[in-house]
Amino acid sequence: MQFAVTTQLQQLNHSIRTAAQDSFDYELNPHLSLLYGRISIKDRRLLACAIEVPFSEVIFDSLKAVRCISPTQSRADVEAWSVVAEKRLGSIGD
């Protein structure tokens, strides 16, 4: 699931990378990976086209900065992520 790159997200990404003194050449690609598995590109595309998202907007209530293996390709890679910072965000109506 791909998310839009907004000015606020770009600023947040810059702030986090500056605070972390991260010089890695990372391209911001806001998305939610729904599948980590070894399947053919053809099957992956078929599955991606078959997923219907029942909403047009996603609201997050927290933000976590994680150090991870790149590219993340497996469940083991995800399980190896380590949270380096966390911030609760205001919820709707706060």
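1. At a relative accessibility of 38%, Cys68 counts as partly exposed, the class that lies between buried, under 20% relative accessible area, and exposed, over 50% (1.4 Å probe, protein chains only). Cys49, by contrast in class, has a relative accessibility of 69% and therefore counts as exposed. With a disulfide taken as a pair of cysteine sulfur atoms within 2.5 Å, the count for this structure is zero.

2. The model under review is predicted, so local features are reported at pLDDT of at least 70 and side-chain atom pairs at 80 or more, while totals for chains, interfaces and linings use all residues. Residues are numbered from 1 along each chain as its sequence is written, and side-chain values use heavy atoms, with hydrogens and water left out.

3. On confidence, the mean pLDDT (the predictor's confidence in each residue, from 0 to 100) of the protein chain is 82, and 93% of its residues reach 70 or more. Among the elements, which are DSSP runs numbered from the N terminus (helices H or I of at least four residues, strands E of at least two), β1 has the lowest mean pLDDT, at 84, and helix α3, residues 75-79, has the highest, at 89. Where pLDDT is low, the predicted coordinates should not be read in detail.

4. One aromatic pair is counted, where ring centres of Phe, Tyr and Trp (its six-membered ring) must lie within 6.5 Å, and planes under 30 degrees apart are stacked, over 60 edge-to-face and the rest tilted. The ring centres of Phe3 and Phe60 are 5.7 Å apart and their planes stand at 75 degrees, so the pair is edge-to-face. The pair links distant parts of the chain, 57 residues apart, for Phe3 belongs to the segment before α1 (7-19) and Phe60 to the loop between α2 (41-50) and β1 (62-67). Phe3 is partly exposed at 22% relative accessibility, and Phe60 is partly exposed at 48%.

5. The loop between α2 and β1 deserves a second reading. Glu57 lies in this loop and is exposed at 59% relative accessibility; its C-alpha atom is separated by 9.2 Å from that of Phe3, although the two residues are 54 apart along the chain. Val53 is found in the loop as well and is partly exposed, with a relative accessible area of 38%, and its C-alpha atom is separated by 8.4 Å from that of Met1, 52 residues away along the chain. Asp61 also lies in the loop between α2 and β1 and is partly exposed at 42%, while the C-alpha atoms of Asp61 and Lys87, 26 residues apart along the chain, are separated by 8.9 Å.

6. In the segment before α1 lies Thr6, which is partly exposed with a relative accessible area of 35%. The C-alpha atoms of Thr6 and Pro30 are separated by 9.9 Å, with their positions 24 residues apart in chain numbering.

7. The largest pocket holds about 1900 Å³ of space, the volume being that filled by probe spheres set on the grid points. A pocket is an open set of points on a 1 Å grid where a 1.4 Å probe fits, with protein on both sides within 12 Å along at least five of seven lines, and lining residues have an atom within 4 Å of a point. Its lining comprises 39 residues, with Tyr26, Leu28, Pro30, Lys64 and Val66 nearest the centre. At least two lining residues come from each of α1, β1 and β2 (82-88). By class, the lining has 25 nonpolar, nine polar and five charged residues, where Ala, Val, Leu, Ile, Met, Phe, Trp, Tyr, Cys and Pro are nonpolar, Asp, Glu, Lys and Arg charged, and the others, Gly among them, polar.
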